[in-house]
Amino acid sequence: RPAPGARPLHVKRMDRSGSFSNGASHKLNDFKPMLGKILAGELRGCEFWGYTQEDVLLGDLRAFLTEDLLASVDTISPLLPPKYNYGAFMLYRNSPDVTSLPFRSRDWAQVARTGHYLGFDEWMGTEIA
């Protein structure tokens, strides 16, 4: 159910020249870890936020995301460190410390400037400060 006051999110597609056109793009996956900060207004009031890949079907998440588990973690990923971030499914606690993680990577600005997909949603860069 949408949050009160939620508005539709319109996504544009980046073409080969690096400019955006209507539609979707693989490059947008690089921005997935940054969405907590980018969409902070829309996520206000949410304890967690996350994303999946378009071909992932989710069932009853509460069957395994118990209150005890959610109280004890800040991120949920199907992978173990060091490749902990996973573009196909991630949940993040909606807190300043957690939503700022991608921006602590020394690679985030390059990812934002580059017109081609770099897999930032899969690894968040070479080093987190």
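**Glu47 and its partner**

I began with glutamate 47 in this predicted model, and I noted that glutamate 47 is partly exposed, its relative accessible area being 48%. I then looked up what its side chain pairs with, and found a salt bridge to arginine 93, in which the closest N and O atoms are 3.4 Å apart. Arginine 93 belongs to strand β5 (residues 89-93), whereas glutamate 47 sits in the loop between α2 (40-43) and β3 (48-52), so this pair ties together parts that are 46 residues apart in sequence. I also checked the accessibility of arginine 93, which comes to 16% and therefore counts as buried, the cut-off for that word being under 20%.

**A further partner of Arg93**

Which other side chain does arginine 93 meet in a salt bridge? I found aspartate 74, at 2.8 Å from N to O. Aspartate 74 lies in the loop between α3 (67-72) and β4 (75-76) while arginine 93 is in strand β5, so here the parts tied together are 19 residues apart in sequence. For aspartate 74 I noted a relative accessibility of 41%, which counts as partly exposed. Through their shared partners, these salt bridges join Glu47, Asp74 and Arg93 into one network.

**Lys27 and Asp30**

I next turned to the pair formed by lysine 27 and aspartate 30, whose side chains meet in a salt bridge at 2.8 Å, N to O. Are these two residues buried or exposed? Aspartate 30 is buried, with a relative accessible area of 0%, and lysine 27 is buried as well, with a value of 3%. For the whole structure I recorded 4 salt bridges. As a general reminder to myself, side chains of opposite charge can pair when their charged atoms come close.

**Nonpolar cores**

Last, I looked up how the buried nonpolar residues are grouped, and I found that the largest nonpolar core has 12 residues, among them Phe31, Met34, Leu39, Leu43, Trp49 and Tyr51. Further along the chain, the members of this core include Met90, Tyr92, Val98, Val111, Phe120 and Met124. Which elements give two or more residues to this core? They are β3 and β5, and I noted beside this that β5 is also the strand in which arginine 93 lies. A second core, separate from the largest one, has 6 residues, including Phe48, Leu65, Leu70 and Leu91.

How values were computed: Residues numbered from 1 in each chain as written. Predicted model: local features only at pLDDT ≥ 70, side-chain atom pairs only at ≥ 80, totals over all residues. Heavy atoms only, no water. Buried < 20%, exposed > 50% of the residue type's maximum accessible area, 1.4 Å probe, protein only. Helix = DSSP H or I, 4+ residues; strand = E, 2+ residues; numbered from the N terminus. Core = buried A, V, L, I, M, F, W, Y, C linked by side-chain atoms within 4.5 Å.
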